[in-house]
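Subject: Structure handover and what I found in it

Dear colleague,

I am passing on the structure we talked about, and below it you will find my notes on what can be read from the coordinates. Please keep it open beside you as you read.

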Amino acid sequence: MDFWNFIISHLSEIRDQTIEHLILTVASMVLSTSVGITVGILLTRFQKLSNPVLGFVGVIQTIPSLALLGFLLPIFGIGVTPAIIALFLYGLLPIVRNTYTGIIEVDPAVKDASIGMGMTNFQLLKYVELPLAFPIILAGIRTATVINVGIATLCALIAAGGLGEFIFRGISLNNQYMILAGAIPASILAVLLDATIGFIQKKPASRRTWVTMGVSIVLILVGFFISGSKTESRLIAGFNSEFIEREDGFIGLDALYDLPMEIKEMEISLMYQALYNGDVDVIDGFSTDGRIQEFNLKSLIDDKNYFPPYYAAPIVNGETLERYPEINEALDVIANQLSDEKMAGLNYLVDGQKQELAEVANAFLRELNIYASTDAGSSEDPDIIIGSKAFTENFLLAHIFAQVIENKTTLKTKLQLGFGGTKLIFDAIRLGEIDIYPEYTGTGYLVLLQKSSKDVSDFTDPDVIYNDVKKDFAEKHNLRWLKPLGFNNTFALMMRTEHADSLKITTVSGLSDYLNSK
Amino acid sequence: MINRLEELDSGTISINGEDITQQSKENLRRSIGYVIQDTGLLPHLNIRQNIELVGKISEREVPPEKVNELLSLIGLPNDILDKRVAELSGGQQQRIGLARALATDPEIILMDEPFSALDNITRSQLQDDFLNLKHLDTKTILLVTHDVQEAFKLGDKIVLLEEGQIQQYGTPLELLNSPANEKVELFLKKDKFILSLQTSRHNQKSLFDYLNDSEVSSKDKQVAMDGFFKHLF
């Protein structure tokens with residue numbers, strides 16, 4: 001019942017996202033199909049090229065989708081354009097390959113007779129090869145379409161919209177209904193598109209039907225780009241899905257400060273690059289992120305103390321801690337050893353200087369006179385498993401944990417890095433699939449315990465929240481918070497330094513004043 | 001080579017005195033009918049569309065009367081026109097292949113083993129029909145075959161090829177009676193009697209006439225008789 005209520009209350013959003021999703025898919029498929037068939041035909045005429053070209057297109061297919069999006073980001077920025085380019089590239093392989101194979105495998109006798117009766121190269125293509133290869137080509141288009149409906153969900157991470165918005169917000173908030181609200185329409189879309197093409201396959205449409213279809217597709221695309229290019233607000237914000245949806249994220253921030261901005265949804269790891277490129281003007285960064293230094297960004301001061309403190313600390317599964325109490329002592333060594341500046345500096349070594357995670361962790365520990373091994377965390381038969389979320393700082397902390405534990409105890413560890421959302425890693429540690437990971441007090445308080453900012457009077461005192469989460473986690477989930485590491489990695493709105501300086505914005509209130517001035 | 005599916009390495013081929021390399025490949029091919037062993041009919045078109053296609057590619061309409069005329073010529077009913085290629089038997093397909101080659105009234109028809117994929121009964125039936133097609137009498141037909149009997153049955157003139165070399169060019173009788181070399185003689189020896197029969201029939205002669213023909217040497221008559229009895233038992 002709750003699910004239906006959720007669906008009904010989000011109906012207009014589901015409709016918009018479905019349309020966005022459809023447009024992403026159809027636009028990229030129109031491109032893939034026209035380019036793919038052309039390339040496929042050319043390959044049959046220049047067969048020496050077929051192996052290298054098919055190989056190249058195949059390699060594109062093997063690039064992980066998110067990696068491809070990340071690669072396109074510096075070139076094409078964020079939004080619909082790189083998304084369509086990525087989808088276009090993914091759609092190519094099945095279409096090129098099927099066109100090529102379909103034409104090559106036309107019965108040689110038929111080709112021979114057709115050439116013998118005097119067909120030109122073009123007539124052979126028009127009357128013989130394309131009609132006979134048509135079912136195979138169409139099968140390729142169907143495959144590509146279904147694949148692309150799936151991959152298009154990832155485009156939500158680079159602010160291209162689509163049903164992925166629901167899916168990723170749902171994953172980061174552990175909201176099953178929200179995941180389903182994205183996943184079900186996406187599946188239906190895939191089935192419908194597949195069936196539509198299947199219908200065309202069975203009933204070869206007349207020329208008029210084709211023209212009508214082509215024109216309507218073009219009209220939809222033109223309409224989309226015209227409507228999409230309108231920008232009403234003075235600044236564009238790029239926020240990750242978790243921040244947009246959370247009560248204590250942008251919703252509360254907007255209520256407190258009043259920030260009328262156009263918002264683009266994107267993945268955390270892509271936001272900084274997008275801000276640096278000028279695709280967006282404001283992002284919700286983390287105050288210790290190494291890229292602040294690398295990209296010369298400026299954190300706006302939260303002058304009304306909206307964001308809670310996010311002190312990082314290791315949290316450990318209760319059973320694990322009972323079995324190996326020495327973990328507590330080992331990790332005590334690094335308690336309060338990481339200041340905000342120190343952590344930002346370490347993050348910069350990884351993000352900016354491209355140094356190895358294990359090396360950076362190792363160098364930091366050497367400063368504390370701990371001479372650990374950089375191979376720590378790679379045991380095949382581990383006593384404990386150390387997890388992390390999918391961003392640099394969490395990766396680094398997990399490496400530091402592994403090296404300290406293996407140095408100070410006889411335990412063997414294994415790293416399992418890169419959980420895609422807070423709730424995923426939280427479930428993993430509750431179920432004992434991992435034993436330790438670095439968490440932040442603010443996240444534990446607001447997201448995992450589902451408390452709201454109204455439950456505490458004073459956000460400015462870090463100890464209040466730390467003690468509160470420590471107590472609740474132990475009682476409700478049998479998870480233990482160890483001592484904080486020292487730094488506060490809170491949310492912060494960020495801008496390019498020279499941009500903020502030119503607009504004379506230093507605080508979030510200042511940003512609000514600018515946005516609301518005429 | 002004649003319709004330039006293969007290009008010449010050396011020498012020239014002329015049709016009516018005109019070098020075939022002097023015109024475009026497509027125009028050359030459109031002026032020549034082409035029938036192949038596997039028929040090469042387009043499986044996604046029906047029979048009518050298949051026949052009309054030859055005209056379509058050279059912008060010479062094949063009128064419906066012409067299609068009907070061709071059908072009656074090759075002895076197939078009109079209702080076959082709306083059928084798909086796969087619905088026809090092998091013999092019917094080969095007849096359609098012939099009709100297609102005739103659709104634009106070419107003076108020359110090339111036939112590449114047109115009957116060899118057919119079963120024996122259909123083959124000899126088609127060969128007989130082919131012989132009796134008066135329509136073809138005014139045309140130059142170049143037929144390639146591995147079947148010696150077929151060559152002797154259908155050919156006015158035969159070119160015997162071995163390893164790319166012309167061994168002999170002549171009428172069936174010339175090949176039988178005065179082989180140019182040992183290879184030709186050896187090649188025809190085994191089938192000599194049957195060939196003689198076929199040659200005689202082709203020349204509207206019976207075995208009786210053949211044996212009474214004063215131009216046929218007595219040695220040949222002996223061979224024919226021997227073969228006849230050998231064949232009989």
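A residue is called buried here if 20 or more other C-beta atoms lie within 10 Å of its own, exposed if there are 12 or fewer, and partly exposed in between. With 18 other C-beta atoms within 10 Å, Gly70(A) therefore counts as partly exposed. Gly70(A) belongs to helix H4 of chain A, which covers residues 65-76, and its C-alpha atom is separated by 8.6 Å from that of Ile158(A), although the two residues are 88 apart along the chain.

Please bear in mind throughout that this is a predicted model. The model scores are ipTM 0.73 and pTM 0.65, and for chain B the pLDDT averages 78, with 85% of the residues scoring at least 70.

Chain A

Chain A has 518 residues, of which 46% count as buried, and it contains 24 helices and 10 strands. If one takes the contacts in chain A between residues at least 6 apart in sequence, 79% of them join residues at least 24 apart.

Ile158(A) appears again in the largest nonpolar core, which has 167 residues and in which Ile158(A), Ile386(A) and Phe401(A) have the most contacts. Helix H5 of chain A (residues 80-104) gives the largest share of this core, with 13 residues. Another core lies apart from it and has 11 residues, including Phe115(B), Leu126(B), Leu160(B) and Leu195(B). As background, nonpolar side chains tend to be buried together in soluble globular proteins. Leaving aside residues up to four places away in sequence, the residues that Ile386(A) touches include Phe401(A), Ala398(A), Leu415(A), Ile434(A) and Tyr437(A), and also Asp435(A) and Thr413(A).

Turning to the strands of chain A, which residues of strand S1 point one way and which the other? Ile236(A) and Gly238(A) point to one side of S1(A), residues 236-239, while Ala237(A) and Phe239(A) point to the other, and all of them are buried. This can be set beside the general pattern that side chains in a regular strand alternate between the two faces of the sheet. S1(A) runs parallel to strand S2 of chain A (residues 262-265), to which 4 bridges join it, and Phe239(A) stands opposite Glu265(A) there. S1(A) is also joined by 2 bridges to strand S3 of chain A (residues 282-286), again in parallel, and in this pairing Gly238(A) has Ile283(A) as its bridge partner.

S3(A) in turn pairs with S10(A) in the antiparallel sense over 4 bridges, and Phe286(A) has Phe491(A) as its bridge partner in S10(A). Strand S10(A), residues 491-496, is mostly covered, since 6 of its 6 residues are buried. A further antiparallel pairing, over 3 bridges, links S10(A) to strand S4 of chain A (residues 297-299), where Lys298(A) stands opposite Met495(A).

Chain B and its contact with chain A

In chain B there is an open sheet of 3 strands in the order S3-S4-S5, with parallel pairing. Strands S3 (32-36) and S5 (140-144) of chain B stand at the edges and have a single partner strand each, so one side of each is left without a neighbour in the sheet. From one strand to the next the twist averages 15°. Strand S4(B), residues 108-112, is joined to S5(B) by 5 bridges, and Met111(B) stands opposite Leu143(B) in S5(B). Helix H4 of chain B (residues 90-102) lies across S3 and S4 of that chain, running at about 165° to S3(B).

The contact between the chains takes 15 residues from chain B and 16 residues from chain A. On the side of chain B, helix H1 (25-30), S3 and helix H2 (47-57) are the elements that give two or more residues, and the residues on this side divide into 7 nonpolar, 4 polar and 4 charged.

The buried residues of H2(B) are Ile47(B), Asn50(B), Ile51(B), Glu52(B), Leu53(B), Val54(B) and Ile57(B). What covers them includes helix H7 (121-151) of chain A, together with helix H3 (64-74) and H4 of chain B. Just after H2(B), Glu59(B) takes a positive phi of about 55°.

With best wishes

Note on methods: Residues numbered from 1 in each chain as written. Chains lettered and ligands numbered in written order. Predicted model: local features only at pLDDT ≥ 70, side-chain atom pairs only at ≥ 80, totals over all residues. Pairing = 2+ DSSP bridges. Axes fitted to C-alpha atoms, helices over the stretch in contact; angles between N-to-C directions. Contact = placed C-beta atoms within 7 Å. pLDDT = per-residue confidence, 0-100. Core = buried A, V, L, I, M, F, W, Y, C linked by C-beta atoms within 7 Å. Nonpolar A, V, L, I, M, F, W, Y, C, P; charged D, E, K, R; others polar.
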